[in-house]
Amino acid sequence: MTPRAANLIFLRDRSVEMLKKDLILKNPLRAWEPDTGRNAATPRMGLVVAPRGSGKTAVLVQFALDSVLRGNRVIHVSIGQSLEKTKEWYEDLFQELSRSYKLEHVGEVHSEIAANRLIMTFNTGSFSAAKLEERLTDLIEQDIFRPQSVVIDGFDFERADPAQVQKLRDLARDRQLHTWFSAVPLPNPQVSPLGVPAPCDRFEDLFDCILLIDAAAGGLALRTLKSDVAASKSRPAIRLDPSTFLVNES
């Protein structure tokens, strides 16, 4: 009986791995994150711009979930939002993803996500590249958590200057971290020739990929304003479910 039990465990583990691979390959975010394995290429820095309440945090969380499924460790930096609220985003979106794809072995996948994601919180106005570097150094040197990806939600681009954002880009490059930010546009903002709204128009050269959540077309769409990924040119916009904020395939 012992060999049979070991074989059953192996089959279950293989099923979980196949499930994760299926989720990775089907994920519409492949348009902007083409790598289906561990982050190995030169670190990239992306930005999701959206009005408040239109899904920018949800999109960052989906990028983070995708990165974990691909075998990376992710730090979620939450500025001005509580640890509990940020955890709720992950729980809610994972449950919606599970229902949408009718996932089996949900418990195993959920446990892996929890083990490979770490949430950092900062008060509004207290975040900087130097403070992030300090926390990262502590985590890595004490062998607590070594990330390959970071998402930064709530950074104040309106009060930032290019030097501050450049320091964050330098940190991401030095630490080999794929990084995604969120941003809120100003009311009735001016836009750059690429369509990037203020205040982010001042920083567009520092990002490899810039996405805009557009709510003007009878729903929500994730639209490409700038991208270094060829696949995104064939899918310039992808829908968001307005009730769950999940990125849809169609």
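**View 1. Thr57 is a buried residue of helix 2.**
This close-up comes from a predicted model. Thr57 has a relative accessible area of 9%. Buried means under 20%, so Thr57 counts as buried. The residue sits in helix 2. Which residues does Thr57 touch, leaving out those up to four places away in sequence? They are Gln81, Trp89 and Asp153. Find these three around the Thr57 side chain in the structure above.

**View 2. The largest pocket has a lining of 26 residues.**
The volume of this pocket is about 540 Å³. Five residues come closest to its centre: Arg52, Lys56, Ile79, Gly154 and Val184. Two elements, helix 2 and strand 5, give two or more residues each to the lining. Which element gives the most? Helix 2 does, with 3 residues. The lining is mixed in class: 11 residues are nonpolar, 9 are polar and 6 are charged.

**View 3. The largest cavity is lined by 12 residues.**
Rolling a probe the size of a water molecule over the atoms shows where empty space is left. How many cavities of 30 Å³ or more does a search of the whole structure find? The search finds 5. The largest of them has a volume of about 80 Å³. Closest to its centre are Glu33, Phe63, Ser67, Ser149 and Trp180. Helix 2, strand 4 and strand 5 each supply at least two lining residues. By class, the lining holds 6 nonpolar, 4 polar and 2 charged residues. Helix 2 and strand 5 also contribute to the lining of the largest pocket.

**View 4. Eight strands form an open sheet.**
In what order do the strands lie? The order is 3-2-4-5-1-6-7-8, and the pairing is mixed. Strand 3 (117–122) and strand 8 (237–240) are the edge strands. Each of these two pairs on one side only. Neighbouring strands are turned by 20° against each other on average, with direction ignored. Helix 5 (residues 129–141) lies across strand 2 (74–79), strand 3 and strand 4 (149–153). This helix runs at about 145° to strand 3.

**View 5. Strand 1 pairs with strand 5 and with strand 6.**
Strand 1 covers residues 45–49, and strand 5 covers residues 178–183. The two pair in the parallel sense over 5 bridges. Pick out two spots along this pairing. Met45 has Thr179 as its bridge partner in strand 5. Val48 stands opposite Ser182, again in strand 5. Now turn to strand 6 (residues 209–214). Strand 1 and strand 6 run parallel and are joined by 4 bridges. Here the bridge partner of Val49 is Leu212.

**View 6. Strand 1 is mostly covered.**
Are the residues of strand 1 buried or exposed? Of its 5 residues, 5 are buried. In a regular strand the side chains alternate between the two faces of the sheet. Follow that pattern along strand 1. Met45, Leu47 and Val49 point one way. Gly46 and Val48 point the other way. Both sets are buried.

**View 7. The loop between strand 5 and strand 6 holds Asn188 and Pro199.**
What kind of peptide bond joins Ala198 and Pro199? The bond is cis, with omega about 5°. Pro199 belongs to the loop between strand 5 and strand 6. Asn188 lies in that loop too. Its phi is near 45°. That is a positive value in a residue other than glycine. Asn188 has 79% relative accessibility, which means that it counts as exposed, the cut-off being over 50%.

**View 8. Phe245 has a positive phi although it is not a glycine.**
Where is Phe245? Look in the segment after strand 8. The phi of Phe245 is about 70°. Is Phe245 buried or exposed? Its relative accessible area is 16%, so Phe245 is buried. Compare this with Asn188 in View 7, which also has a positive phi but counts as exposed.

Key: Residues are numbered from 1 along each chain as its sequence is written. Side-chain values use heavy atoms; hydrogens and water are left out. Two strands pair if DSSP finds at least two bridges between them. Axes are lines fitted to C-alpha atoms, for helices over the stretch in contact, and angles run from 0 to 180 degrees between N-to-C directions. Contact means heavy atoms within 4.5 Å. Buried means under 20% relative accessible area, exposed over 50%, partly exposed in between (1.4 Å probe, protein chains only). On a 1 Å grid over the protein atoms alone, a cavity is a set of points where a 1.4 Å probe fits but cannot get out, and a pocket is an open set with protein on both sides within 12 Å along at least five of seven lines; lining residues have an atom within 4 Å of a point. Grid points are joined across faces, edges and corners, and a volume is the space filled by probe spheres set on the points. Ala, Val, Leu, Ile, Met, Phe, Trp, Tyr, Cys and Pro count as nonpolar, Asp, Glu, Lys and Arg as charged, and the others, Gly among them, as polar.
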